[in-house]
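Biologist: Got a minute to go through this one with me? I'd like to start with the strands and then jump around a bit.

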Amino acid sequence: MAHGRPDWGLTSATKITYPITDLGEHAARMGSIVTFDRRGDVKFLDDWRDGLDKWHFYSVVAAGTHRLTTLGMRSGPYSLYMYPGVASGAQHIAELSLPYTTTTRIGLEFSIALNTLSAPAWAKLRPQSTLLGYEWGLRYNTLSNTLQYLASTKNWATLDETLGLVDAYWNFHTLKIVGDLETGNYVRALVDGNPYDMSAIAGRSLGVWSSNRILLQLGVDYDIDSDLATLFDDIIVTQNEP
């Protein structure tokens with residue numbers, strides 16, 4: 001079909017090729033899950049259509065649960081259902097190790113769906129090598145409507161208390177965190193349409209690692225007032241972020 005013409009009534013070929021100036025736009029229209037923030041080069045993505053075998057799951061303090069679910073999805077046939085064990089300090093964590101192939105700014109994008117009493121949900125990005133190690137993270141607590149970042153002290157520090165994200169399993173919210181491997185600082189965060197300049201905030205500094213890797217973690221924390229799961233979907237790791 002010629003570009004800009006209907007697919008009927010043509011008696012001969014006109015213009016059958018057309019330049020693409022935005023491959024990201026083209027990919028999004030073709031069904032890519034990379035539609036939220038297209039800055040950076042995609043290093044890894046997962047929307048669970050290939051199952052959970054590439055991920056390692058474990059619990060802290062008390063046994064949590066995870067499974068693929070159709071309760072709600074941002075894209076594809078499933079999302080990841082995660083619920084922590086019922087005990088003070090309990091966590092349930094999904095973990096994935098990626099090759100360390102960059103020394104640039106890197107990003108982690110993830111989408112979550114919450115219910116009124118969903119467990120607090122977070123994601124962390126931990127690049128480690130034989131020369132350096134940093135950790136950056138974002139956490140959202142639907143019970144207090146609080147967005148937090150992982151501080152250099154390893155504690156969660158408040159970034160925003162006014163978001164009020166919609167708490168329904170059919171409504172996914174997309175979050176992204178970007179960190180700088182040269183300085184160890186955060187660069188920025190995005191939550192739906194809300195940008196946060198974090199360039200003056202230090203990430204958590206880690207010791208050097210015995211080998212090179214980028215560790216990705218998704219997690220939920222037990223809260224005495226929460227008794228519902230959080231859903232995760234469309235996990236994307238990027239490099240060469242501006």
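**Strands, a buried arginine and a patch**

Modeller: Sure. β8 and β9 make a hairpin with four residues between them, and Asn145 in that turn has a positive phi of about 50°. Bear in mind that this is a predicted model.

Biologist: How many bridges join β8 to β9, and which way do they run?

Modeller: Four bridges, and the strands run antiparallel. β8 covers residues 134-141. As for a specific pair, Leu138 sits opposite Tyr149 of β9.

Biologist: And what does β9 pair with on the β10 side, bridge-wise?

Modeller: β10, residues 156-160, is joined to β9 by four bridges, again in an antiparallel arrangement. Leu147 has Asp160 in β10 as its bridge partner. Those two strands form a hairpin as well, with five residues between them, and Lys154 there takes a positive phi near 80°.

Biologist: Is β9 buried or exposed?

Modeller: Buried. Five of the five residues in β9 (146-150) are buried, so the strand is largely enclosed by the rest of the structure.

Biologist: Which side chains point which way?

Modeller: Thr146, Gln148 and Leu150 point one way, while Leu147 and Tyr149 point the other way, and all of them are buried. In a regular strand, side chains alternate between the two faces of the sheet.

Biologist: Switching topic: where does Arg188 lie?

Modeller: In strand β12, which spans residues 186-191. Arg188 counts as buried because its relative accessibility is 11%, and the cut-off for buried is under 20%.

Biologist: What does the side chain of Arg188 make a polar contact with?

Modeller: The side chain of Glu241, at 2.5 Å. A polar atom of the Arg188 side chain also lies 2.9 Å from the backbone oxygen of Pro242.

Biologist: Which other residues does Arg188 touch?

Modeller: Leaving out residues up to four places away in sequence, Arg188 touches Asp37, Arg39, Lys176, Ile177, Val178, Tyr196 and Met198, along with Glu241 and Pro242.

Biologist: OK, last one, the surface. Which residues make the nonpolar patch?

Modeller: Leu117, Leu143 and Leu228 make it, and the patch is about 190 Å².

Biologist: Where does Leu117 lie?

Modeller: In the loop between β6 (106-113) and β7 (121-128).

Biologist: Why does Leu117 count as partly exposed?

Modeller: Because its relative accessible area is 31%, and partly exposed falls between the 20% and 50% cut-offs.

Note on methods. Residues are numbered from 1 along each chain as its sequence is written. This is a predicted model: local features need pLDDT of at least 70, side-chain atom pairs count only at pLDDT 80 or more; totals for chains, interfaces and linings use all residues. Side-chain values use heavy atoms; hydrogens and water are left out. Patches are made of residues with over 30% relative accessible area and no salt bridge: like charges are joined within 9 Å, nonpolar side chains (Val, Leu, Ile, Met, Phe, Trp, Tyr) within 5 Å. Accessible areas come from the Shrake-Rupley method with a 1.4 Å probe; for residues, only the protein chains shown count as cover. A salt bridge is a side-chain nitrogen of Lys or Arg within 4 Å of a carboxyl oxygen of Asp or Glu. Buried means under 20% relative accessible area, exposed over 50%, partly exposed in between (1.4 Å probe, protein chains only). A polar contact is a pair of N or O atoms within 3.5 Å; within protein, one must be able to donate a hydrogen and the other to accept it, and residues adjacent in sequence count only if both atoms are side-chain atoms. Contact means heavy atoms within 4.5 Å. Two strands pair if DSSP finds at least two bridges between them.
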